[in-house]
Amino acid sequence: MRIPISSSARSLCHAGGVLALLSLAACGGGTTSDDELSISGITQSATTVDCGAAAYATASVSYDGDVTASDIDYSWVQSSGTSVSLSSSNTSKVYFTAPSSAGTVVLKLTVSTDSLSDSESVSFTVSGSSCS
């Protein structure tokens, strides 16, 4: 395979120098200044849930640049309140059963790629006549 050499490189070769040619091509995988990732909103099943009731939160995420939906990792964790067990905590929609006592349950979502991340929290008020 013949590789074209520029006139300045040809001059260097004719002057007895050594020339090394290196060609680099980048196809995605890197982060450019145009890459963006953000949580654009979280929808709740309800802001107030009865004790023992099923509840969920669903995240909407915005992204741009080289970021694709398959690049995004989701991580839901409980940051405060009576302990609940989270189901599907690594997807855009998390589920849990409200505790049996009144209070507030706060969940934090972090979305990330190899180089970008965003976090947002959402609160559920737990109350009702079925609370202990």
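**Strands, a disulfide and two selected residues**

W76 stands opposite L109 of β6. The model in which this pair is seen is a predicted one. β6 covers residues 103-112 and pairs with β4. The two strands run in the antiparallel sense, and seven bridges connect them.

β4 and β6 belong to an open sheet of four strands. The order across the sheet is β2-β7-β6-β4. Pairing within the sheet is mixed. β2 (48-50) and β4 (73-80) take the edge positions. Each of these edge strands has a single partner, so one side of each lacks a neighbour in the sheet. From one strand to the next, the twist averages 30°.

The chain as a whole contains one helix and seven strands. Along the sequence, the pattern reads α-β-β-β-β-β-β-β. The chain has 132 residues, and 23% of them are buried. Its accessible surface comes to about 8,300 Å². Carbon and sulfur atoms contribute 48% of that surface. Contacts with a separation of 6 or more were also examined. Of these, 58% join residues 24 or more positions apart.

Confidence varies along the chain. The average pLDDT is 83, and 75% of the residues score at least 70. Over residues 1-28, however, pLDDT stays under 50. For this stretch the model has 10 contacts beyond four places in sequence.

A search of the whole structure finds one disulfide. The bond joins C51 to C131, with an S to S distance of 1.8 Å. Distant parts of the chain are linked in this way, as the two cysteines are 80 residues apart. C51 sits in the loop between β2 and β3 (54-64). C131 sits in the segment after β7. The link of C51 and C131 is right-handed, with 90° about the S-S bond. Both C51 and C131 are buried.

T113 occupies a loop as well, the one between β6 and β7 (117-127). Its relative accessibility is 16%. T113 therefore counts as buried, since the cut-off for a buried residue is under 20% relative accessible area. Contacts of T113 reach other parts of the chain. Leaving aside neighbours within four places in sequence, T113 is in contact with L37, V67, D71 and I72.

Q44 offers a second case. This residue lies in strand β1, which spans residues 36-44. Q44 has a relative accessible area of 21% and is therefore partly exposed. The same cut-off applies here, because buried means under 20% and exposed means over 50%. Residues up to four places away in sequence are again set aside for the contacts of Q44. Q44 then touches Y56, A57, V122, S123 and F124. Y56 and A57 fall within the residue range 54-64 given for β3. V122, S123 and F124 fall within the range 117-127 given for β7. A further distance was computed between Q44 and K93, which are 49 residues apart along the chain. Their C-alpha atoms are separated by 9.6 Å.

Methods: Residues are numbered from 1 along each chain as its sequence is written. This is a predicted model: local features need pLDDT of at least 70, side-chain atom pairs count only at pLDDT 80 or more; totals for chains, interfaces and linings use all residues. Side-chain values use heavy atoms; hydrogens and water are left out. Two strands pair if DSSP finds at least two bridges between them. Axes are lines fitted to C-alpha atoms, for helices over the stretch in contact, and angles run from 0 to 180 degrees between N-to-C directions. Buried means under 20% relative accessible area, exposed over 50%, partly exposed in between (1.4 Å probe, protein chains only). Contact means heavy atoms within 4.5 Å. pLDDT is the predictor's confidence in each residue, from 0 to 100. Accessible areas come from the Shrake-Rupley method with a 1.4 Å probe; for residues, only the protein chains shown count as cover. A disulfide is a pair of cysteine sulfur atoms within 2.5 Å.
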